[in-house]
Amino acid sequence: MYYDKQTVNYLNGKWQLATDTQAGLYQQTFHYGNGVFEGIRAYATDQGTHILRAQAHYERLLYSAKTMHIDIQQSVEELVAISHKLLAKNGLQDAYIRPFVYTDEMLGLQANSQANVFICAWDWGQYFDAGALKLKVSRYCRPDPRSCHVDAKVSGHYVNSILAMKEAHLAGYDDALLLDQNGFVAEASGANFFIQKEGALYTPPKGHILPGITRSIVMELCEANGIKVHEKLFKPEDIYAAEGAFLTGTAVEVKAVGTLGEHTFKRPWDETFGALLQKQFSQVARKQKVKYQQFKAA
Ligand code: PMP
């Protein structure tokens with residue numbers, strides 16, 4: 001799915017065939033998760049390939065690396081240019097780009113500043129095939145921000161997401177909704193969470209979440225539409241009175257949440273802000289004209 005015999009990727013300044021790419025088993029990243037990465041989408045548009053918020057994604061990559069004391073030599077501009085070249089070399093337009101930064105061979109626990117910059121890309125289809133997602137409140141909570149930098153995209157953090165996703169799947173759900181250690185809603189395994197209630201949207205504030213780039217695009221769209229967004233802590237029981245809910249993320253884009261546990265949201269999806277934002281997000285990604293609404297902020 002990720003590559004075939006022709007696929008080319010980037011590693012430390014060189015282009016190489018994916019089938020020739022190798023990494024060692026003695027790397028610290030492999031053993032302890034000390035690596036950082038990004039997930040970026042490219043869209044085919046009338047004006048060529050559009051890498052959505054490329055700058056912001058690479059700024060976040062550099063930030064994530066900094067939190068782990070990893071030194072990346074390339075600038076944001078260089079990484080963006082490499083990504084465009086990578087897509088062109090592989091003849092990709094609608095694609096997912098995965099930059100991954102791993103450290104050298106060293107199995108101690110000393111921070112390892114050595115950065116190997118790997119970037120690959122593949123053709124992208126739908127992440128979830130179901131119409132509206134079924135979420136389960138997870139028994140796993142998000143890492144405490146006193147334990148690690150939860151706002152950084154660090155490989156090791158994702159064991160938490162994997163456990164939560166597995167638990168949800170075993171119980172027949174599509175994804176997990178993770179709480180923080182105080183019982184407030186944080187986010188899904190790999191996406192941010194919004195609810196609609198009494199004419200406004202609510203989303204958990206920064207603190208226990210990865211502040212998503214899709215989340216900020218959606219908040220910009222809300223601003224343009226006159227939809228009020230409250231960044232506020234809330235508990236799962238507050239969600240039961242909500243009219244609708246959705247996830248945001250590079251992979252899921254804007255995705256309807258149909259149920260949370262046994263609870264089904266009151267309003268048909270098409271009549272929620274989520275449906276409008278889903279449409280507008282797709283237009284922004286594809287550089288199409290967006291027709292904004294004029295809601296009165298509640
Ligand atoms: N939270 C987590 C834990 C994620 O992995 C992601 C995906 N990167 C998101 C939120 C959404 O972030 P973005 O919109 O930047 O993809």
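# Ligand, cavity and ring pair: reasons for the names

Author: A polar side-chain atom of T250 lies 2.5 Å from an oxygen atom of the ligand. This is a predicted model, in which local features need pLDDT of at least 70, side-chain atom pairs count only at pLDDT 80 or more, and totals for chains, interfaces and linings use all residues. Residues are numbered from 1 along each chain as its sequence is written, and side-chain values use heavy atoms, with hydrogens and water left out.

Reader: What makes the approach of T250 to an oxygen atom of the ligand a polar contact?

Author: A polar contact is a pair of N or O atoms within 3.5 Å. The polar side-chain atom of T250 is 2.5 Å from the ligand oxygen, so the pair counts. E187 has a polar side-chain atom 2.7 Å from a nitrogen atom of the ligand, and for K153 the distance to a ligand nitrogen is 2.9 Å.

Reader: How do you know how much of the ligand the protein covers?

Author: On its own the ligand has 390 Å² of accessible area, and the protein covers 96% of that. Accessible areas come from the Shrake-Rupley method with a 1.4 Å probe.

Reader: Which residues come nearest to the ligand?

Author: Y158, E187, I213, T214 and T250 do, out of 15 residues around the ligand. A residue is near if one of its heavy atoms lies within 4 Å.

Reader: Why is the space lined by R41, Y43 and others called a cavity?

Author: On a 1 Å grid over the protein atoms alone, a cavity is a set of points where a 1.4 Å probe fits but cannot get out. The structure holds one such cavity of 30 Å³ or more, with about 60 Å³ of space in the largest. Its lining residues, those with an atom within 4 Å of a point, include I213, T214 and T250. Helix α5 (213-225) and strand β4 (40-45) each give two or more residues to this lining; helices are DSSP runs of H or I with at least four residues, strands runs of E with at least two.

Reader: Why is the pair of F37 and Y158 called edge-to-face?

Author: Rings of Phe, Tyr and Trp (its six-membered ring) pair if their centres lie within 6.5 Å; planes under 30 degrees apart count as stacked, over 60 as edge-to-face and the rest as tilted. By this rule there are 10 aromatic pairs. The centres of F37 and Y158 are 5.1 Å apart and the planes stand at 65°, so this pair is edge-to-face. F37 is in strand β3 and Y158 in helix α4, so the pair ties together parts 121 residues apart in sequence.

Terms used: 1 Å grid on protein atoms, 1.4 Å probe; cavity = no way out; pocket = protein on both sides within 12 Å on 5 of 7 lines; lining within 4 Å. Points joined across faces, edges and corners; volume = space filled by probe spheres on them. Polar contact = N/O pair within 3.5 Å; in protein donor to acceptor, adjacent residues only side chain to side chain.
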